[in-house]
Amino acid sequence: LLKRTCHFVKDDKRRRILYLTLVRSQFEHCSQIWRPYTESCIKKFENFQKNCIKWVLSEEELSYGNSNTYVSKCIQAKVLPLEFRFKLNDLIFFHNVVNRLIPVTLPTYLKLYDGTSRLRKTHLDRLSYVCNLAPRSTSFNLLDKSFFYRTHSLWNTLPLEIREVTSSTMFKSRLEAHLWEICKLTLNATDQFLNDI
């Protein structure tokens, strides 16, 4: 629909704004609740965004079949891959909950790490959250898909200096920069691997 109604728009920047405003914003609406979880579902969303980025960059005749090509085109268009965008939305909401910026409370099964661990070494720090639910094979598969359980693990992987930020605006800015850095590192690592072959 966007291609048909805005066929006269040729500028990449304007096309990018149209895509982000009219199309991707619909995918992001309440994504914390419904976001795709399985790799196959995420891939379907990424394939859709591939076609949109082709339109944004006026490269509809090209193939973005290679995941490396897709990521490099995302960087060129300044559009995060949807998998990273879903993580961004999850972490922003979790940050708002943790810092009591919205009227939502953490579930009782999540607690701040108290410094005790059964392991000799642990990556957890004072701003890490741990789950006190006893693992059960059947229930944990369902729990993995729930917002707070999946996001607390993601939160714990963030650098401490990002988690220490209390301002919602500054947190979003630093988190987005961090996710872009991961994108670029992934791309560079793949390029290095291909060069070494």
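The legends below walk through several close-up views of a predicted model.

**View 1. The whole chain, before zooming in on its 10 helices and two strands.** Following the sequence from start to end, the order of elements is α-α-α-α-α-α-β-β-α-α-α-α. The protein has 197 residues, and 39% of them count as buried. If you like contact maps, here is a helpful number: among contacts with a separation of 6 or more, 61% join residues 24 or more positions apart. The exposed surface comes to about 12,400 Å², with carbon and sulfur atoms supplying 57% of it.

**View 2. The largest nonpolar core, with 25 residues.** The residues with the most contacts inside this core are L80, F94, F148, W155, L158, F171 and L175. Helices α6 (82-98), α8 (147-157) and α10 (168-196) each supply at least two of the core residues. Beyond residues up to four places away in sequence, L158 touches L91, R163, F171, L175 and H178. A second, separate core is made of 18 residues, including C6, Y64, Y70 and F86. As general background, nonpolar side chains in soluble globular proteins tend to be buried together.

**View 3. Helix α6, a mostly covered helix.** Of the 17 residues in α6, 13 are buried. From first C-alpha to last, α6 reaches 24 Å, close to the 24 Å expected at 1.5 Å a residue. After the helix comes R100, which has a positive phi near 55 degrees.

**View 4. The salt bridge between D90 and R150.** Here the N and O atoms of the two side chains are 3.0 Å apart. D90 belongs to helix α6 and R150 to helix α8, so this pair ties together parts that are 60 residues apart in sequence. Are these two partners buried or exposed? Both D90 and R150 are buried. The model has 10 salt bridges by the count used here, and the next two views show further examples.

**View 5. The salt bridge between E164 and R126, a pair that sits in loops.** The N-to-O distance for these side chains is 2.3 Å. E164 lies in the loop between α9 (160-163) and α10, while R126 lies in the loop between β1 (110-112) and β2 (129-131), so the pair ties together parts that are 38 residues apart in sequence. E164 counts as partly exposed because its relative accessibility is 38%.

**View 6. R24 and E28, partners in a salt bridge.** The closest N and O atoms of this pair are 2.9 Å apart. Why are R24 and E28 separated by about one helical turn? The reason is that they are four residues apart in helix α2 (residues 12-28). R24 is buried, and E28 is buried too.

**View 7. Helix α4 and its packing partners.** This helix has 18 residues and reaches 25 Å from its first C-alpha to its last, close to the 26 Å expected at 1.5 Å a residue. Its buried residues are I42, E46, Q49, K50, C52, I53, K54, W55 and V56. The buried residues of α4 pack against α1 (2-5), α2, α5 (67-77) and α6. The helix is followed by S58, which has a positive phi near 55 degrees.

**View 8. K54, a buried lysine with no salt bridge.** K54 is found in helix α4, which covers residues 39-56. Which side chain of opposite charge is nearest to K54? That side chain is E59, and it is 8.7 Å away. Apart from neighbours within four places in sequence, K54 is in contact with E59, E60, L62, S63 and Y64. If you are checking charge states, this is a pleasant spot to pause over.

**View 9. V71 and C183, 112 residues apart in sequence.** The C-alpha atoms of these two residues are 7.2 Å apart in space. V71 has its place in helix α5. With a relative accessibility of 18%, V71 counts as buried. Setting aside neighbours within four places in sequence, V71 is in contact with C183 and L187.

Technical notes:
Residues numbered from 1 in each chain as written. Predicted model: local features only at pLDDT ≥ 70, side-chain atom pairs only at ≥ 80, totals over all residues. Heavy atoms only, no water. Buried < 20%, exposed > 50% of the residue type's maximum accessible area, 1.4 Å probe, protein only. Lys, Arg positive; Asp, Glu negative; His and termini not counted. Salt bridge = Lys/Arg side-chain N within 4 Å of Asp/Glu carboxyl O. Contact = heavy atoms within 4.5 Å. Core = buried A, V, L, I, M, F, W, Y, C linked by side-chain atoms within 4.5 Å. Areas by Shrake-Rupley, 256 points an atom, 1.4 Å probe, with all protein chains shown as cover. Expected span 1.5 Å × (residues − 1).
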